[in-house]
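Thank you for letting me have this slot. I would like to walk through one model with you, starting from its charged pairs and moving on to its rings.

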Amino acid sequence: MKKNNMKRTILVMGVITILLLSSIPSFILADENTQSRTIYVDDDNTSDPRGKTEERTFQYMENEFLDLMGCIDGVSDALQYNNGARGWGWWWPDFPGRFEPFFDIDYEVDELLTKDMDDMNGMASADFNDDGLLDFAVSWAEILSTTIIAHISIFYNNGGENDFTAVKVFSLDLLGMRIQDLDAADYDNDGDIDLLCTYSEHAWHNDLPFKINGTGKILLNDGQNNFDDGHMAFWHGPGDPKDRDHNRINPQISSADFDGDGDIDFVVGDNTGLVAFHKNDGTGNFTWVCDSDFGYEKGLSWGITSADFNGDGYIDFIVTEFDSHEEGDVYLKYNDGTDSCFNHSDYSMIANIPDYDNQSFYVCINYAAQGCLSAIDYNDDGLMDFLFGGMGYVLLYVQTIDGVFEHFTVCRLPAPNPNGDGAFIIDNLRLGGIAIGDFNNDGLDDAIMGGSNYIIETLYNNCNLVDITFPDRSCKIINNEIIAGFLPFYPILKHGTSIVQGDVTVITKELEPLSKVKFYLDNKLVHTDDDSPFEWEWSRFSFGRHKVKAVAYDLDGNEAGFDDTIVWKFL
């Protein structure tokens with residue numbers, strides 16, 4: 001008997017090893033720190049005052065550094081977002097993404113409307129045409145042979161499922177720059193929805209164009225969704241591209257009536273660790289009030305959103321802060337209810353942003369704090385939650401009744417190979433691209449997501465209250481311990497599939513208190529757990545592919561969503 005078990009174990013491990021070795025692309029075997037990228041600038045780029053430019057090669061880590069320090073968008077896509085591009089083999093198929101059941105994620109927004117839209121960084125929701133349906137606006141870039149034109153389009157909600165009509169309402173030649181963030185509100189109190197957009201200017205340094213002087217413009221609506229050329233809302237200059245401490249770029253914004261006077265104000269973060277509060281005089285003109293300093297040594301305060309997070313009736317803001325390559329943090333700055341709102345040092349760290357380099361499909365450099373934030377009440381409990389969008393993934397942070405934020409993975413975004421040459425593009429939300437609102441009028445907060453890959457995703461809220469956290473990723477598990485944290489062969493097995501040898505504990509995490517969780521194996525009920533933490537000890541002999549499903553029940557006994565995962569179990 002022991003010999004038979006040993007032979008079976010050796011056979012299983014041999015098959016797994018062959019699959020692993022045959023499926024790992026060659027780039028994994030390379031030293032990431034020495035991978036180089038070649039940067040091409042169009043010879044006829046009229047925005048380059050030097051005229052014809054040469055091919056340049058930067059080390060991979062240098063690309064990341066230049067992006068942090070502000071190298072201009074228009075030099076190369078690689079310096080703006082395509083450090084998410086990976087030179088894998090042409091034979092490696094598109095990564096389709098992986099989506100947890102927190103939202104129904106749909107790509108049905110007409111791709112003819114978005115096929116020319118690159119870098120959809122800014123997203124904002126509002127009822128622009130006052131028809132009772134929530135629309136959204138998106139900023140995007142049109143890549144031309146000699147320059148990049150920044151545009152803003154409004155997607156009008158026609159009331160059907162993913163039925164939108166897109167109209168371009170604003171264009172601006174920023175000499176290669178993109179609009180980096182976008183918000184929508186009635187800033188001048190005339191009864192229609194205006195726009196606030198941000199971008200960085202640029203200057204030349206050491207033969208490279210660098211971002212300087214983060215800028216915000218208010219675009220006023222004439223009542224017919226025609227927008228003027230805009231007036232300055234803020235200007236963070238003059239900057240010095242040689243000194244990050246004096247070069248405030250990559251401005252990200254969040255608008256709200258922070259001081260409670262009926263006018264829409266805004267806060268703006270950037271790459272310096274500062275968040276500036278600007279008050280509205282009621283006509284769409286703004287005055288700087290104060291800066292909240294989260295520390296220059298951290299910097300990168302460019303993920304920002306606002307809501308009443310502590311339930312005291314005042315609008316607060318949260319902001320991402322760069323901690324290290326491995327992780328970042330989210331800080332909550334409390335509104336103290338005074339006229340200056342944020343002219344104090346009362347803030348706290350409320351959440352950690354984990355490093356997903358070793359937890360997902362992507363093997364790539366990723367700075368955890370580089371991402372956008374969007375406030376959402378996901379489970380409709382009156383406590384404000386938030387979404388974090390990074391390079392290749394989206395997280396949901398749900399606030400518990402004691403003010404703690406628990407994070408859940410919403411999705412790992414697709415990585416298409418658009419040219420068929422192995423240059424995969426990981427979709428990127430580092431500089432924004434999520435708008436929140438009830439887009440299908442079911443009473444729940446949904447999301448619209450842009451990014452860098454010409455695709456707009458609609459995320460319709462399922463109000464799912466349970467998540468299988470183990471086993472629930474591409475990994476090899478032996479006797480309840482992960483021994484191989486990355487299985488790249490999703491063309492063979494569905495991404496997220498776990499390979500398990502021996503007994504395993506199926507672990508779930510609830511978004512709010514539940515009465516019970518039922519566990520199903522291949523659609524057959526195998527266990528009901530009435531006590532948190534809700535788990536199932538899978539000890540029965542199994543051989544082959546299985547679907548494990550966990551169904552949640554709220555405190556009233558009503559079904560409250562489910563999660564499932566694919567497991568190949570042996571022994």
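**Charged pairs and ring pairs**

Let me begin with a salt bridge, the one in which the side chains of Asp 119 and Arg 178 meet, with N to O at 2.6 Å. Asp 119 lies in the loop between helix H4 (111–114) and strand E6 (123–126), while Arg 178 lies in the loop between strand E9 (164–173) and strand E10 (181–185), so the pair ties together parts that are 59 residues apart in sequence. Asp 119 is buried, and Arg 178 is buried as well. Please keep in mind throughout that this is a predicted model, and that the values I quote are computed from it.

Before going further, a word on the chain as a whole. The secondary structure of the protein chain comes to 4 helices and 39 strands, and of its 571 residues, 58% are buried. Among the contacts in the chain with a separation of 6 or more, 57% are accounted for by residues 24 or more positions apart. The accessible surface comes to about 22,300 Å², and carbon and sulfur atoms hold 50% of that.

Back to the charges, then. Side chains of opposite charge can pair when their charged atoms come close. How many salt bridges does the count come to? The count comes to 5 salt bridges, and I will take two more of them in turn.

One of them joins Arg 248 and Asp 270, whose closest N and O atoms are 2.6 Å apart. This pair, too, links distant parts of the chain, since Arg 248 sits in the loop between strand E13 (231–236) and strand E14 (252–256), and Asp 270 in the loop between strand E15 (265–269) and strand E16 (274–280), 22 residues apart. Both Arg 248 and Asp 270 are buried, and for Asp 270 the relative accessible area is 0%. Arg 248 and Asp 270 also belong, together with Asp 291, to a network of salt bridges.

What else surrounds Asp 270, leaving aside its neighbours within four places in sequence? Asp 270 is in contact with His 236, Arg 248, Ile 249, Asn 250, Pro 251, Leu 300, Ser 301 and Trp 302. Besides these, a polar contact of 2.6 Å joins the side chains of Asp 270 and Thr 272.

The other salt bridge I want to show is formed by Asp 259 and Lys 279, with the closest N and O atoms 3.3 Å apart. Asp 259 is in the loop between E14 and E15, and Lys 279 is in strand E16, so that the pair links distant parts of the chain, 20 residues apart. Is each partner buried or partly exposed? Asp 259, with a relative accessible area of 18%, is buried, whereas Lys 279, at 21% relative accessibility, counts as partly exposed. The cut-off for buried is under 20%, and I would ask you to read these two labels with their percentages beside them.

Let me turn to the aromatic rings. A search of the whole structure finds 24 aromatic pairs. In one of these, the rings of Phe 103 and Tyr 378 have their centres 5.3 Å apart and their planes at 65°, so the pair is edge-to-face. Phe 103 lies in strand E5 (residues 103–106) and Tyr 378 in the loop between strand E22 (372–376) and strand E23 (385–389), so this ring pair ties together parts that are 275 residues apart in sequence. Phe 103 is buried at a relative accessible area of 3%, and Tyr 378 is buried at 0%.

Next come Phe 136 and Phe 439, whose ring centres are 6.4 Å apart and whose planes are at 90°, so this pair is edge-to-face. Here strand E7 (residues 135–143) holds Phe 136, and the loop between strand E27 (434–437) and strand E28 (446–449) holds Phe 439, so the pair ties together parts that are 303 residues apart in sequence. Phe 136 counts as buried at 0% relative accessibility, and Phe 439 is buried with a relative accessible area of 5%.

Ring pairs also build a cluster, which links Phe 258, Phe 277, Phe 294, Phe 317, Tyr 331, Phe 342 and Tyr 347.

I will finish where charges and rings come together. Lys 516 lies over the face of Tyr 553, at 5.0 Å from the ring centre, and the charged end of Lys 549 sits over the ring of Phe 562, 4.5 Å from its centre.

Definitions and conventions:
Residues are numbered from 1 along each chain as its sequence is written. This is a predicted model: local features need pLDDT of at least 70, side-chain atom pairs count only at pLDDT 80 or more; totals for chains, interfaces and linings use all residues. Side-chain values use heavy atoms; hydrogens and water are left out. A salt bridge is a side-chain nitrogen of Lys or Arg within 4 Å of a carboxyl oxygen of Asp or Glu. Helices (H or I, at least four residues) and strands (E, at least two) are DSSP runs, numbered from the N terminus. Buried means under 20% relative accessible area, exposed over 50%, partly exposed in between (1.4 Å probe, protein chains only). Rings of Phe, Tyr and Trp (its six-membered ring) pair if their centres lie within 6.5 Å; planes under 30 degrees apart count as stacked, over 60 as edge-to-face and the rest as tilted. A charge sits over a ring if NZ of Lys or CZ of Arg is within 6 Å of the ring centre and within 35 degrees of the ring normal. Contact means heavy atoms within 4.5 Å. Accessible areas come from the Shrake-Rupley method with a 1.4 Å probe; for residues, only the protein chains shown count as cover. A polar contact is a pair of N or O atoms within 3.5 Å; within protein, one must be able to donate a hydrogen and the other to accept it, and residues adjacent in sequence count only if both atoms are side-chain atoms.
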